[in-house]
Amino acid sequence: MLEIRRLVLLRELAVRGTIAAVAEALNFSPSAVSQQLSLLEKEAGQPLLRKSGRGVQLTPQAEVLVASVGEILDSLERAEAGLQAAVTRVSGRVRVAVFQSAALALMPATLLAMASRFPDVRVEMVQREPEEALRETWARDFDMVIAEQYPAHAAPHHPGLDRRPLTTDAIRLALPSPGAALHPVASLGEARHMPWVMEPRGTASRHFAEQLCRLTGFEPDVRYETADLQAHIRLVESGNAVALIPDLLWLGRDTSCRLLDLPGRPHRTIFTAQRVAGAASPAARALRETLEQVAAGLTAGD
């Protein structure tokens with residue numbers, strides 16, 4: 001009989017790539033992980049790992065086991081969700097990964113509503129970049145993710161994740177007030193000589209912003225780079241930069257920025273995703289439905 005905990009370690013290795021990453025994720029020592037995988041190899045009677053440079057690779061036999069482990073974990077998650085659904089009172093824990101603007105605009109009202117309507121549900125929130133968070137939700141680090149998708153830049157799809165739209169928001173060019181140090185700008189094309197602030201390379205928002213500028217006929221002078229969109233706003237308000245800012249960032253705050261519509265009026269899509277195996281969890285369902293109600297209220301308020 002194969003030991004399920006060791007099989008889970010094998011799947012974690014397939015997901016995370018290195019023994020060190022598995023050890024860090026599960027709070028084990030690398031030597032303990034290696035020892036457990038060696039024991040699993042003896043139980044299986046088949047080679048499961050082979051050396052590759054300084055690391056290891058899974059053998060075809062290990063890949064077969066990993067696929068089966070995913071099915072076992074899905075079955076256990078469905079069983080747990082069914083057990084929770086059999087209890088009248090909604091309770092449990094939901095771990096949710098959220099990107100910054102959703103954390104600011106959606107989560108405060110959602111958490112208040114959850115505390116009022118479902119006091120026995122513990123919601124744990126961690127801020128993550130959407131692409132990273134989608135993979136981590138697929139890998140079972142989180143139960144749910146709130147993610148974003150920019151125009152012409154599809155967010156990654158992972159098997160077994162169910163997506164549902166929350167809302168959309170317009171992306172506009174944010175400019176300093178007319179009295180700021182930068183020269184007046186009346187269109188995206190006129191911002192070609194301005195200093196820009198953007199998110200780091202590799203993010204969907206950075207790709208979208210650079211491509212839009214290039215389609216307009218110029219390469220943006222990205223002088224400032226930060227993942228903190230609140231810092232973007234402050235740099236624009238203080239007259240140091242221009243930026244492309246989604247409308248969700250302006251909810252609940254006043255600003256001196258001028259906001260210009262972009263060609264084609266592009267919108268960002270915000271959605272939730274969770275594993276299909278956990279969809280029956282009453283706690284997760286309550287959180288998802290509450291998020292959708294809060295998002296609908298924001299849209300109605302517009």
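## Helix α4

A residue counts as buried when its relative accessible area is under 20%. This structure is a predicted model. In helix α4, the buried residues are Ala62, Leu65, Val66, Val69, Gly70, Leu73, Glu77 and Ala81. An α-helix has 3.6 residues a turn, so residues three or four places apart point the same way.

The helix covers residues 60-85. Its 26 residues should span 38 Å at 1.5 Å a residue, and the end C-alpha atoms are indeed 38 Å apart.

## Domains

The assignment splits the protein chain into domain 1 (4-83), domain 2 (93-167 + 268-300) and domain 3 (169-267). Between the C-alpha centres of domain 1 and domain 3 lie 44 Å.

## Strand β3

Strand β3 (residues 92-98) is mostly covered, with five of its seven residues buried. Seven bridges pair β3 with β4 (residues 121-127) in the parallel sense. Val98 faces Gln127 there. β3 also runs parallel to β5 (residues 144-149), joined by three bridges. Val96 has Met144 of β5 as its bridge partner.

## The two largest pockets

The largest pocket holds about 440 Å³ of space. Of its 16 lining residues, Glu77, Glu80, Arg95, Asp143 and Arg275 lie nearest the centre. Helix α4 gives the most to this lining, six residues. Seven lining residues are charged, five nonpolar and four polar. The pocket lies between domain 1 and domain 2, because both give residues to its lining.

The second largest pocket has a volume of about 320 Å³. It is lined by 14 residues. Helix α1 supplies the largest share, six residues. Domain 1 and domain 2 each contribute at least three residues to this lining.

Conventions. Residues numbered from 1 in each chain as written. Predicted model: local features only at pLDDT ≥ 70, side-chain atom pairs only at ≥ 80, totals over all residues. Heavy atoms only, no water. Helix = DSSP H or I, 4+ residues; strand = E, 2+ residues; numbered from the N terminus. Expected span 1.5 Å × (residues − 1). Buried < 20%, exposed > 50% of the residue type's maximum accessible area, 1.4 Å probe, protein only. Domains from an automatic or database assignment. Pairing = 2+ DSSP bridges. 1 Å grid on protein atoms, 1.4 Å probe; cavity = no way out; pocket = protein on both sides within 12 Å on 5 of 7 lines; lining within 4 Å. Points joined across faces, edges and corners; volume = space filled by probe spheres on them. Nonpolar A, V, L, I, M, F, W, Y, C, P; charged D, E, K, R; others polar.
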